[in-house]
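This briefing covers one protein chain, going from a single residue to its strand, then to sheets, a helix, cores and aromatic rings. Please keep the sequence and the model open while reading.

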Amino acid sequence: MSTLILRTAVAAAALILSACGGGAEYHSGGGNGGSPYPRPNPQPYPPTMSCSSTGLAAAAQSSYPTVCMLTSSGEMVIELYPGYAPVTVNNFLRYVSDGFYSNTLFHHVDRDFVIQGGGYTTGMRVKSPTYAPIVSESNNGLSNLVGTVAMARRTDPNSATSQFFINVIDNSRALDYESPSKPGYTVFGRVISGMSTVYAINGQPTYYYGATDIQPQQEVLVYWVQRLR
């Protein structure tokens, strides 16, 4: 398995940041060659199908479109910024509307850097995107600050599909747009409720296969994502 976000210079930053913070880290020889994959989560079914009163209250105070995401580590509410990233937000909401993110994983946990999801299901099975890649909107004035949500992609800046990541720290220097040759990553939302969930996922013990492949030792499930407004 290889993650979509970290390439070249960004991978070098990941090598530094992944060694920071709490939790255990197990170094292994390679992800697809018989090394241990994440263990199944002992709670495979969602405890609720509704956003909490706290999450609903946070969404009600926002003037932006919002979604509620329930994970096996807790709930988070994300507000989206179509005025800054209209193509990206529309793409994300299509996947939400389709139920694409239900029963997926936060498959990449680079501690004190980013947590990433939207591309794998239980057993580290690839979930292929259902829509074509979108154009990059990374030069939109938004920065990869703590708690912001951005699109993962391949080397081509216009290759983002369903995978996204949440910045655990201020990654603006490493991941923001600088120039056409350093296009960065498109920020399109921010966690407005449930940063404790982000930090809980960030603190998961991991298997380290390389800078672009760091998996939780136990699956972190995304039970569902629902649009609130």
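In which strand is the place of threonine 104? Threonine 104 belongs to strand β4. The model is a predicted one. Its protein chain has 5 helices and 12 strands, and 54% of its 229 residues count as buried. Among the contacts in the protein chain with a separation of 6 or more, 75% are between residues 24 or more positions apart.

**Threonine 104**

- Threonine 104 has a relative accessibility of 1% and therefore counts as buried, the limit for that class being under 20%.
- Its side chain reaches the backbone oxygen of tyrosine 101 at 2.6 Å.
- With neighbours within four places in sequence left aside, the contacts of threonine 104 are Tyr120, Thr121, Lys127, Val220, Leu221 and Val222.

**Strand β4 and its partners**

- Strand β4 spans residues 104-110, and 7 of its 7 residues are buried, so the rest of the structure largely encloses this strand.
- Strand β5 (residues 114-121) pairs with β4 in the antiparallel sense, over 5 bridges.
- In this pairing, aspartate 110 stands opposite valine 114 of β5.
- The two strands β4 and β5 make a hairpin with 3 residues between them. In the turn, aspartate 112 has a positive phi of about 60 degrees.
- Strand β12 (residues 221-227) runs antiparallel to β4 and is joined to it by 2 bridges.
- Leucine 221 in β12 is the bridge partner of leucine 105.

**Strand β7 and its partners**

- How do the residues of strand β7 (residues 148-151) point? Thr148 and Ala150 point one way, Val149 and Met151 the other way, and all are buried.
- Strand β9 (residues 187-193) is antiparallel to β7, with 3 bridges joining them.
- Valine 149 of β7 has glycine 189 in β9 as its bridge partner.
- Strand β8 (residues 164-167) also pairs with β7 in the antiparallel sense, over 3 bridges.
- Here methionine 151 stands opposite phenylalanine 164 of β8.

**Helix α2**

- Helix α2 covers residues 53-61, and Gly55, Ala58 and Ala59 in it are buried.
- These residues cover an arc of only 100 degrees around the axis, which means that they are on the same side of α2.
- Turned away from that buried side is a face with the exposed residues Ser53, Thr54, Ala60 and Gln61.
- The cover over the buried residues of α2 includes β2 (66-71), β3 (74-80) and β9.

**Nonpolar cores**

- The largest nonpolar core contains 30 residues, and Met76, Phe106, Phe164 and Phe188 have the most contacts inside it.
- Helix α3 (residues 86-98) gives the most to this core, contributing 5 residues.
- Another core lies apart from it and has 11 residues, including Cys68, Leu105, Tyr120 and Tyr223.
- Two residues of that other core, Leu105 and Tyr120, also appear above: leucine 105 through its bridge partner in β12, and Tyr120 through its contact with threonine 104.

**Aromatic pairs and cluster**

- How many aromatic pairs does the structure hold? There are 13 aromatic pairs.
- Tyrosine 81 and tyrosine 84 form an edge-to-face pair, at 6.4 Å centre to centre and with 75 degrees between the planes.
- Is tyrosine 81 buried or exposed? At 10% relative accessibility, tyrosine 81 counts as buried, whereas tyrosine 84, with a relative accessible area of 42%, is partly exposed.
- Tyrosine 95 and phenylalanine 100 are likewise an edge-to-face pair, with 4.8 Å centre to centre and 65 degrees between the planes.
- Both members of this pair, tyrosine 95 and phenylalanine 100, are buried.
- One aromatic cluster is formed by Phe92, Tyr95, Phe100, Tyr101, Phe106, Tyr131, Phe164 and Phe188.
- Among its members, Phe106, Phe164 and Phe188 also belong to the residues with the most contacts inside the largest nonpolar core.
- Tyr101 is in the cluster too, and its backbone oxygen is what the side chain of threonine 104 reaches.

Definitions and conventions. Residues are numbered from 1 along each chain as its sequence is written. This is a predicted model: local features need pLDDT of at least 70, side-chain atom pairs count only at pLDDT 80 or more; totals for chains, interfaces and linings use all residues. Side-chain values use heavy atoms; hydrogens and water are left out. Buried means under 20% relative accessible area, exposed over 50%, partly exposed in between (1.4 Å probe, protein chains only). Helices (H or I, at least four residues) and strands (E, at least two) are DSSP runs, numbered from the N terminus. Two strands pair if DSSP finds at least two bridges between them. A nonpolar core is a set of buried Ala, Val, Leu, Ile, Met, Phe, Trp, Tyr and Cys residues joined through side-chain atoms within 4.5 Å. The arc is that of the directions from the helix axis to the C-beta atoms. Contact means heavy atoms within 4.5 Å. A polar contact is a pair of N or O atoms within 3.5 Å; within protein, one must be able to donate a hydrogen and the other to accept it, and residues adjacent in sequence count only if both atoms are side-chain atoms. Rings of Phe, Tyr and Trp (its six-membered ring) pair if their centres lie within 6.5 Å; planes under 30 degrees apart count as stacked, over 60 as edge-to-face and the rest as tilted.
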